[in-house]
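This report describes the architecture of a protein chain for a reader who is new to structural biology. Please examine the sequence and the structure shown here before reading on.

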Amino acid sequence: QVQLAESGGGLVQPGGSLSLSCAASGSIFTISAMGWYRQAPGKQRELVASITSGGAIMYADSVKGRFTVSSDNAKNTVYLQMNSLKPEDTAVYYCNAVIRVKMSRYEHDYWGQGTQVTVSS
């Protein structure tokens, strides 16, 4: 019923920049929040940044001042601009959205397929 299509990611040198985008499509009634999580090898998935439909933003402490999350509510799209990237930012990045689909009374979490971000010289 809902698909999250991610784009962006790749290989970048330390100090470089990358941008990610994620578009939600399908039988969407409302989206209350969208964001990005990441999972490095051997580690748990962690929140990177999130933004609500009202514009409230949250960042992990490790990315504050370097990453910027934004959204286009009309396009059901969330973006993540990543600057000053560090090797420890290397992970698979997953898009997340909290969506209420049409004809449903409840919200559910939806996930993208994940995109690899590698920061290495």
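## A pair of facing residues

In this predicted model, Asn96 stands opposite Trp111, a residue of strand E10. The two strands concerned, E9 and E10, run antiparallel and are joined by five bridges. Strand E10 covers residues 107-111, while strand E9 covers residues 91-101.

E9 and E10 together form a hairpin, with five residues between them. Within the turn, Met103 has a positive phi of about 70°.

## Other partners of strand E9

Which strand is joined to E9 by ten bridges? That strand is E4, formed by residues 28-39, and the pair runs antiparallel. One residue pair in this arrangement is Arg38 with its bridge partner Tyr93, the latter belonging to E9.

Strand E11, made up of residues 115-119, is also joined to E9, here by three bridges and again in an antiparallel manner. In this pairing, Val92 stands opposite Gln116 of E11. Strand E9 is thus bridged to E4, to E10 and to E11.

Is strand E9 mostly covered or mostly uncovered? The strand is mostly covered, as eight of its eleven residues are buried. A residue is called buried when its relative accessible area is under 20%.

## The chain as a whole

The protein chain contains eleven strands and zero helices. Its pattern along the sequence is therefore a succession of β elements, β-β-β-β-β-β-β-β-β-β-β.

A compact globule of 121 residues would have a radius of gyration near 14 Å; because the protein chain has 14 Å, its value agrees with that expectation. Along the principal axes, the C-alpha atoms fill a box of roughly 50 × 25 × 25 Å.

Contacts can also be considered by how far apart the residues lie in the sequence. Among the contacts with a separation of 6 or more, 55% are between residues 24 or more positions apart.

## Burial, surface and charge

How much of the protein chain is buried? Of the 121 residues, 40% are buried. The protein chain exposes about 6,500 Å², and carbon and sulfur atoms supply 49% of this area.

The protein chain carries 10 positive and 8 negative charges. The mean position of the positive charges and that of the negative charges are 4 Å apart.

Notes. Residues are numbered from 1 along each chain as its sequence is written. This is a predicted model: local features need pLDDT of at least 70, side-chain atom pairs count only at pLDDT 80 or more; totals for chains, interfaces and linings use all residues. Side-chain values use heavy atoms; hydrogens and water are left out. Helices (H or I, at least four residues) and strands (E, at least two) are DSSP runs, numbered from the N terminus. The radius of gyration is taken over C-alpha atoms; the globule rule is 2.2 Å times the number of residues to the power 0.38. Buried means under 20% relative accessible area, exposed over 50%, partly exposed in between (1.4 Å probe, protein chains only). Contact means heavy atoms within 4.5 Å. Accessible areas come from the Shrake-Rupley method with a 1.4 Å probe; for residues, only the protein chains shown count as cover. Lys and Arg count as positive and Asp and Glu as negative; His and the chain ends are not counted. The place of a charge is taken as NZ of Lys, CZ of Arg, CG of Asp or CD of Glu. Two strands pair if DSSP finds at least two bridges between them.
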